Amino acid sequence: MTRTIFRNARIFTADAPAGAAATDTDSAAVTWAEALVVDGDTLAHVGDEAGAVRIAGADAAIVDLGGRLVLPGFTDAHTHLVMMGDALGRVGLTDARTLDEIRARLRAARAADPDAPRVLGRGWLFDSVPGGAPTAAMLDAAVTDVPVYLDANDYHSCWVNSAALAELGITRDTPDPIGGRISRNADGEADGMLYETAAQQFAWDHLANATTDADRDAAVERTIDAYLATGVTGVVDMAFDGLGLAAFRRAAERRGGSLPIRVAAHWFVANTGDDAANLAQVAEAARLAAETSAAPTAPWLRIVGIKLVLDGVIDACTAAMRHPYADGSNAEPIWPPAALNPVVAAADAAGLQVAQHAIGDYASEIALDALEHAAEVNGDRPRRHRIEHLEYAAPGTAERMSRLGVTASMQPVHADPAIFDNWVAMLGDERVERAFAWPEYVDAGALLAFSTDAPTAPHEALHNMYVAATRKSALDPSHAPALPGFALPLAQAIGHATRDAAASCGDGDARGRLVAGLAADFAVLDVDPFEVGDEALLTARVIRTVVAGATVFEADADDGAATAARS
């Protein structure tokens, strides 16, 4: 097979030299190169151009990159793939900052598709609604003839109209599910808000049953296309189920058994309130992990662990905190320790990676307690578990995670100042000064993996890096930075989103860095933010994405038109 030289480039390898400190931000502490050689699906050389010519041979193909920046392919280490593709087809509401604007968009959507059985939207923010208290009546003022379902920006609650409540069969007598709440008015009637597992078990399950395989296939293709266009070459799904697995298997079948993006997935395990049923879900995840790792599609699609949602979100006062919110309320964990510990121990014993959603400091505490319990029960063995989000964690959490070898999986775009005010208001005390404290994990020596949690936030990798490197807003540049002392140098931020994100799902020795012998997964940008400045991340475009040595996305360098394809 003919090798290909990619030359005349500025290549950021994300490979720290031997002996470099993890916190060293000097450019000398990262490796840069000027050419790379692709041999099949692997990098044969990353370094100087003379070496590339020597290793590639006289018959090598040559691609001149015109001095552009090359980065390792990003891995979105926490995302929701089918949900993201579905969201890309819904009414977007994140930038609808008043109730009138939300209603206007819903009316427009209804008028644009009068035969649609429902109006579906996503991304609204609590502080866009009067008093932060959405009701069905507010939506009824816009659409009454069909059900309306609007997922909140954090995807931990769903706002519905009266027609949707009727469709779901929710009445004053409908009990709250474990870990969730049906909001009710003073008379005890459901008022249009479904929180946490109430959103999952009523709204989402109902919509999933109304969604066809063709709908899911279209969502998968939208997700793949969107990610490849933004330089993402690997993803980690954090709520996989049977429908999602089947949809991605069909996507691989359409391509002869492969995918143009690498998918690792965590099987979602819900707290049923029954220990035996909970453990049965772990056993099913272990079975599917073994099955997918042995399948021909294993390099592209595999289940690596389980996902547990321990609490909710600070914006809705459903995250489990050690101390109450500003309004005096607090939330119980969705997984109490007595139910959590046996599930985590069983997954650990089965060799599954455990990913625990923990946004509040009490949730992260019981998550780490469960991991310590698993280590005591199962003894010394290779393990790399994770905690997701860690939006507010108590002092000492990072050091404890480092000692236990637990990955901090965090999302810079959740710290965007444009969506930060409500977060601050819900806590209302000194805790807000330690929000999204990424450097704590770096300084403690814990593995820090960056991701977006799409569709709860925009999926664009470069915008994610902008928030990480500046603590400024990628949504609305008029906002002042939020806690700028927690920003990370751009080189570090990209390393956490490429090298460390790949390592977070067990792929650190195979991809995530541009080093000879590793996968030829990389992205080419039209401008170089290292030279132009961090602000360029908001306008920079990915003009080529390469996965396993194949160009899977290409845009014209001048007008941005996509010219390359699926494989």
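How many disulfides does a search of the whole structure find? Zero. Before I go on, note that this is a predicted model.

Let me start with the cysteines. Take Cys158: the closest cysteine sulfur belongs to Cys317, and the gap is 19 Å. A disulfide needs the two sulfur atoms within 2.5 Å, so at 19 Å this pair is too far apart for a bond. From the other side the picture matches: Cys317 is in no disulfide, and its nearest cysteine sulfur is that of Cys158. On burial, Cys158 has 0% relative accessibility and counts as buried. Cys317 is buried too, with a relative accessible area of 13%.

Now the charged side chains. Side chains of opposite charge can pair when their charged atoms come close. Here the structure holds 39 salt bridges. I will go through a few.

The first one on my list is Asp528 with Arg10, where the closest N and O atoms are 2.6 Å apart. Which parts of the chain does this pair tie together? Arg10 sits in strand S1, residues 4–12, while Asp528 is in the loop between strand S20 (522–525) and helix H18 (529–532). The pair therefore links parts that are 518 residues apart in sequence. Asp528 is buried, at 7% relative accessible area, whereas Arg10 is partly exposed, at 26%.

Next, Arg400 and Glu372. Their side chains meet in a salt bridge, 3.0 Å from N to O. This one joins two helices: Arg400 lies in H12, residues 397–404, and Glu372 in H11, residues 361–378, so the parts tied together are 28 residues apart in sequence. Is Arg400 buried or exposed? It counts as buried, with 16% relative accessibility. The cut-off for buried is under 20%. Glu372, on the other hand, is partly exposed, with a relative accessible area of 31%.

Then there is Arg511 with Asp507. The salt bridge between them has its closest N and O atoms 2.9 Å apart. Both Arg511 and Asp507 are buried.

Last, a case that goes beyond a single pair. Which residues are linked in a network of salt bridges? They are Asp213, Arg216, Asp217, Glu221, Arg250, Arg254 and Arg255.

To recap: the search finds zero disulfides, and the structure holds 39 salt bridges, one of them between Asp528 and Arg10.

Note on methods. Residues numbered from 1 in each chain as written. Predicted model: local features only at pLDDT ≥ 70, side-chain atom pairs only at ≥ 80, totals over all residues. Heavy atoms only, no water. Buried < 20%, exposed > 50% of the residue type's maximum accessible area, 1.4 Å probe, protein only. Salt bridge = Lys/Arg side-chain N within 4 Å of Asp/Glu carboxyl O. Helix = DSSP H or I, 4+ residues; strand = E, 2+ residues; numbered from the N terminus.
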